[in-house]
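Trainee: Could you take me through one part of this model in detail? I would like to follow a single strand and then see what lies around it.

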Amino acid sequence: MRHGLLLIDERGRVVLASGRILNILGGREGVISQGSSLREVLRIVRRCAGGAWGQVRAQMWSHVRARLPRPHAEHISGTFEMTLQQHLLEVHLQPVTGGRWAVAFEDVTARRAAEAEAEAMARRDPLTGLPNRLLLRERLQEALGRLRRSREGCAVLLIDLDRFKPVNDTLGHPMGDALLKKVADRLRSTVRPTDTVARIGGDEFVILQTGVREASDTQALARRLVDLVGRTYMVDGHLLTIGASVGVALAPGDGSEADTLLKNADLALYRAKLDGRATYRFFEPEMDARMQARRRLELDMRQALARREFQLHYQPQLQLEGNRLVGCEALIRWQHPVRGTVSPLDFIPLAEEIGLIVPIGEWVMRQACRDAVTWPAPLSVAVNVSPAQFKSERLVEMVMSALAASGLPATRLEVEITEGVLLQESERTLQTLHRLRELGVRVSMDDFGTGYSSLSYLRSFPFDKIKIDRSFVSDLSSNRDGEAIIRAIAGLGKSLGMTTVAEGVETADQLERIRAEGCTDVQGYLISRPISAAEVLKFLTAAPRNQ
Ligand SMILES: Nc1nc2c(ncn2[C@@H]2O[C@H](COP(=O)(O)O[C@H]3[C@@H](O)[C@H](n4cnc5c(=O)[nH]c(N)nc54)O[C@@H]3COP(=O)(O)O)[C@@H](O)[C@H]2O)c(=O)[nH]1
């Protein structure tokens, strides 16, 4: 939209002047009107510009000089901007036939301000007002530029909030947002004005620390962050506690490019989380190598199902009364063409982390049901089900489908869960467990006694079986407490009407003590190591007393 127009003839006279721009280019300073000379126009502009004339002239001169009306000169159109009396004017010069000139003015003050605001907003996180990833990168690049010029070091501290998701999930997003704002305030309060605090994701923040001379400067900040974020928050009448895991990369030692530093801080953060969270870790080059190895394992694992590299082994479980074999626990084995046998301890945690446990767990369930149906009734099969599988909406349907496809009665299937399952979304998890129980599937609690609240979980769900962790059994020979613990759990199981299985029984002595303490069942190398499906059938024939 044009705000003013001057038409100047070939002799440099204004032949047309219109539009509200004339209010800016005029008033006390003189009036631009029909008949004004170009010289007068420039004089008025000069007066309007006042102290800014030098600047306006510089903005204008190179554009205007070449375009002044000279009958034989070559005229070219052009656009430039000048600031007059707090107005930003875009001036467009256009040659018109006969050596005349049209000068169109547009007041772009509001538009430029809106553009500048949009530009600034594109660099801010709307919730906290902190710089976002874009602005962080720009500041990081500036800091790295200074590093190249003046050797002034800097550090990237990547912060991930621990236990933030449960706040969001249980108390709602407005509460989560309010908490994030408080975290942002705390982070701002603990850095220097020259540092940058940015929010780059849901619960991910970054601090760019500048002027770093020693790693100890950054270490002090990292320690402060863990402490500060971990202090209790009062949000809308709720006392909330979260934590912070921090990954740190230092420039130039850990990289002198923005991407490298952010990637290395992320690797260090991953280590901090693995090491139990609520802590900080500095990047070390081996972290990169470990992450590469993890990626290769992940790629291999993604192909393993299709390549049929997984197998199930079974470990028999014995009922002490009558020395009767009552079932087997299904344990996955991965036979990799190059890696050889990969222990579930090395791949199940990763499969859980990346969600691959859902298809792998489904394969385990279907294969275990297919194998168990070939065993004499009422032998049952116990299948480990991971916390991540409980997050899948399809778990109950998948179990029903595995039972239906194999023809195994639900009463011969048992699912083994650990405390990790009950730690998450307990209402939904309990519902799933009840639905499985309604089908006739039995539910047992694995690794009992190793978690923080094993006892309280016994109250939340009527388990059929408690599996006493093998650490208590191995303690039997070395530590008198082991005996007392097993006795207590066996007593608890008896009062609650639950079967108690002692795991990891390796010696006849352990077996006798366990029997004496009142456990009902045992499992361990003494009875049998985990064996292949074909060997289970041989085991059953070789030990007819077990059937
Ligand atoms: N979600 C799934 N988890 C699974 C599955 N298959 C296995 N696992 C879990 O991996 C962990 C390691 O399992 P594994 O290497 O198979 O070890 C099991 C037994 O071999 C071992 N065991 C059994 N008896 C003894 C013994 O006498 N001594 C001894 N040192 N070890 C013994 O214990 C493991 C069984 O543990 P548990 O499940 O707690 O009963 C393990 O946590 C598996 O759960 C799977 O398909 N899905």
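Mentor: Happy to; what follows starts at one strand, moves to its partners, and then turns to the ligand and the nonpolar cores. Please keep in mind that this is a predicted model.

Let's begin with strand β13, which spans residues 310-319. This strand is mostly covered, with eight of its 10 residues buried. Its pairing with strand β14 (residues 324-336) is antiparallel and runs over 10 bridges. Within that pairing, Gln 311 sits opposite Arg 333 of β14. The two strands make a hairpin, with four residues between them. In the turn you will find Gly 322, whose phi is positive, at about 85 degrees.

β13 has other partners too. Strand β21 (residues 521-523) pairs with β13 in the antiparallel sense through three bridges, and there Gln 319 has Asp 521 as its bridge partner. Strand β22 (residues 531-532) also runs antiparallel to β13, joined by two bridges; here Tyr 314 is matched with Ile 531.

Now for the ligand, which will probably interest you as a chemist. It is surrounded by 21 residues, and the closest are Glu 329, Arg 333, Arg 470, Glu 503 and Glu 506. You have already met Arg 333, as the residue of β14 opposite Gln 311. The hairpin partner β14 gives the largest share of the shell, four residues. β14, α11 (344-353) and β18 (442-448) each supply at least two residues of this shell.

Some individual distances are worth checking on your screen. Gln 315 places a polar side-chain atom 2.9 Å from a ligand nitrogen. At Ile 332, a backbone N or O atom is 3.0 Å from a nitrogen atom of the ligand. For Asp 447, a side-chain N or O atom lies 2.9 Å from an oxygen atom of the ligand. Taken alone, the ligand exposes 820 Å², and the protein buries 85% of that area.

Finally, look at the nonpolar packing. The largest nonpolar core has 76 residues, and Met 365, Leu 413 and Ile 514 touch the most other members. Helix α12 (residues 357-372) contributes the largest share of this core, seven residues. Beyond its neighbours within four places in sequence, Ile 514 is in contact with several residues, among them Leu 320, Val 473, Leu 476 and Val 522. There is also a second, separate core of 32 residues, including Phe 164, Met 175, Tyr 233 and Leu 240.

Conventions: Residues numbered from 1 in each chain as written. Predicted model: local features only at pLDDT ≥ 70, side-chain atom pairs only at ≥ 80, totals over all residues. Heavy atoms only, no water. Core = buried A, V, L, I, M, F, W, Y, C linked by side-chain atoms within 4.5 Å. Buried < 20%, exposed > 50% of the residue type's maximum accessible area, 1.4 Å probe, protein only. Contact = heavy atoms within 4.5 Å. Pairing = 2+ DSSP bridges. Near = heavy atom within 4 Å. Polar contact = N/O pair within 3.5 Å; in protein donor to acceptor, adjacent residues only side chain to side chain. Areas by Shrake-Rupley, 256 points an atom, 1.4 Å probe, with all protein chains shown as cover.
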